[in-house]
Amino acid sequence: MKTPNIGDQISPADAMKWALILARKGAGFVSPNPMVGCVIVDKDHKFVAGGWHQKVGGAHAEIEALERFALIKGKKEALQGCHVYVTLEPCAHEGRTGSCAKALAPLKPASLTYGIQDPNPMVAGKGAQILRDAGVIVASLAEMTEWPAMPGKAAELSLKKDLIDEVEDLTEVFLWNMRTSGPEALPFVTVKVASTLDGRVALHDGSSKWITSEPAREKGHRLRLEHDAIIVGRRTVETDNPSLNVRLDDVSDHTNSVVIVDPKAKIADRLLEFNVAKVRPTDRVFVCVQKGIANPQGVARAKDHGFRVFEVDGSKEGVVDLKQTLQRLREFGVQGLYVEGGAGTVGPFFENQLVNRLHVFMATSVLGGKHSIGWSDLCGVSKLDEMWKLKRERVKMIGPDLHVTGRLDLR
Ligand SMILES: NC(=O)c1ccc[n+]([C@@H]2O[C@H](COP(=O)([O-])OP(=O)(O)OC[C@H]3O[C@@H](n4cnc5c(N)ncnc54)[C@H](OP(=O)(O)O)[C@@H]3O)[C@@H](O)[C@H]2O)c1
């Protein structure tokens, strides 16, 4: 969608779409909060201001939009009669910041449309109620039949469903973590692969740079930003020596965490040699080793260097208990985990039904050959009716590559 200028008349659906685009600007800086965007239009539905939640502990999207609105209109009180679009229900409670619903209510916008209800028990409908009690027409996308800002203008069902899906996709890591809690809770898991049309991720000798194009890789970096940590197998670190950081022109001052599955601690004593440890502090590198079979000297050395080594149970064959690994990572504050492979790491996530979302970036080329590596070589189903089928799937081109994504929710 094209960037709206101040004074451009935009439709209610476009106002929500712009709020969705703004929300993603908070990626990488708001966790454990959700990414949220907000748009304010005047009584004639002309665009005035937008805002997004920029940083955990900082102002929420509604307050950011309101501040910009006040700069343009001279005062916040000019909100009277305007229409507000926000991707998530405004909060009702005082947390690190004040209540957005209570900030908006006395300013008397004519209407407020929100994407989805905030499942946080301290909000869950209460934010909407505060605004309703103040006389604002309030509706979530799911409950409305007509656009609150345009009484009589039907909210077209397919458009409404698309917008709800987009808001749920935007907020999925937060929603997942709100709905799962306790010692058994696991992070939201996204698997990303870059493959050829025949699903190959590397040649038999391990060479894989690059299968997909620059635009697809840039999107991969945006996805890294939307997760708290990236997990890779020991062999990817040794073969590719990746940095696994976020390299985007418009993002600075961002440090992500990496998890390396190294059950036998084969690279634990050499970790400082790899790029993953050169581009971030060592306490942002987690190393998962298997209880009992790890190399104790290597583990001790890694710990001395500040790496966050943790032990989990595993099988005799050296396959670590992934569920336990994920539980530990959630305890460490990882709410969204991004699996970047290789096949030896992706396979157990599928086999253990631990995948919430899949992204496949597919080059329109074929590697073929019996010995090249396929991303799903180490996992699979035995019956056709057990195929892992994407839900809410989206398919589009990114540069010359195909991008397929959707929810799996195997758990
Ligand atoms: N195109 C892509 O999207 C993509 C992405 C990443 C990597 N790659 C390519 O893939 C290749 C590497 O993939 P790979 O399959 O050989 O190796 P990998 O997945 O990077 O690493 C596998 C190793 O990690 C450890 N490991 C991972 N998960 C484990 C689990 N659940 N339990 C126990 N151990 C676990 C094991 O280490 P031990 O052997 O020490 O037991 C295992 O052998 C490289 O060539 C890389 O270039 C491609």
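Where is the place of Trp 210? Trp 210 sits in the loop between strand 7 and helix 7 (214-225). The peptide bond that leads into Trp 210 from Lys 209 is cis, and its omega is near -15°. This is a predicted model.

**Backbone features**

A cis peptide bond also joins Ser 31 and Pro 32, with omega at about 10°. Pro 32 belongs to the loop between helix 1 (12-23) and strand 1 (37-41). Lys 108 is a residue other than glycine with a positive phi, near 55°. Its loop runs between helix 3 (100-104) and strand 4 (111-116).

**Two domains**

The domain assignment of the protein chain gives domain 1 (12-174) and domain 2 (187-407). Their C-alpha centres lie 35 Å apart. Domain 1 gives 14 residues to the contact, and domain 2 gives 14 residues. The size of an interface is often given as the accessible area lost when the parts come together. Here domain 1 and domain 2 bury about 1200 Å² between them. Carbon and sulfur atoms account for 47% of that area.

Pro 32 and Lys 108 have numbers that fall within the bounds of domain 1 (12-174). Trp 210 falls within the bounds of domain 2 (187-407).

**The ligand site**

The ligand is surrounded by 26 residues. The closest are Arg 234, Thr 236, Asp 240, Lys 264 and Gly 344. By class, the shell has ten nonpolar, ten polar and six charged residues.

Three polar contacts to oxygen atoms of the ligand are set out here.

| Residue | Protein atom | Distance to a ligand oxygen atom |
|---|---|---|
| Gly 344 | polar backbone atom | 2.7 Å |
| Thr 345 | N or O atom in the side chain | 2.7 Å |
| Lys 266 | polar side-chain atom | 3.3 Å |

How much of the ligand's accessible area does the protein cover? On its own, the ligand has 910 Å² of accessible area, and the protein covers 90% of it.

Which elements give two or more residues to the shell? They are strand 6 (188-195), strand 7 (200-202), helix 8 (234-240) and helix 12 (343-351). Helix 8 makes the largest contribution, with five residues. Arg 234, Thr 236 and Asp 240, named among the closest residues, have numbers within the range of helix 8 (234-240). Gly 344 is also among the closest, and its number lies in the range of helix 12 (343-351). Strand 7, which lends residues to the shell, also borders the loop that holds Trp 210.

Key: Residues are numbered from 1 along each chain as its sequence is written. This is a predicted model: local features need pLDDT of at least 70, side-chain atom pairs count only at pLDDT 80 or more; totals for chains, interfaces and linings use all residues. Side-chain values use heavy atoms; hydrogens and water are left out. A residue is near a molecule or strand if one of its heavy atoms lies within 4 Å of it. A polar contact is a pair of N or O atoms within 3.5 Å; within protein, one must be able to donate a hydrogen and the other to accept it, and residues adjacent in sequence count only if both atoms are side-chain atoms. Accessible areas come from the Shrake-Rupley method with a 1.4 Å probe; for residues, only the protein chains shown count as cover. Helices (H or I, at least four residues) and strands (E, at least two) are DSSP runs, numbered from the N terminus. Ala, Val, Leu, Ile, Met, Phe, Trp, Tyr, Cys and Pro count as nonpolar, Asp, Glu, Lys and Arg as charged, and the others, Gly among them, as polar. Domain bounds come from an automatic or database domain assignment. Contact means heavy atoms within 4.5 Å. Buried area is the accessible area (1.4 Å probe) that two parts lose on being put together, summed over both.
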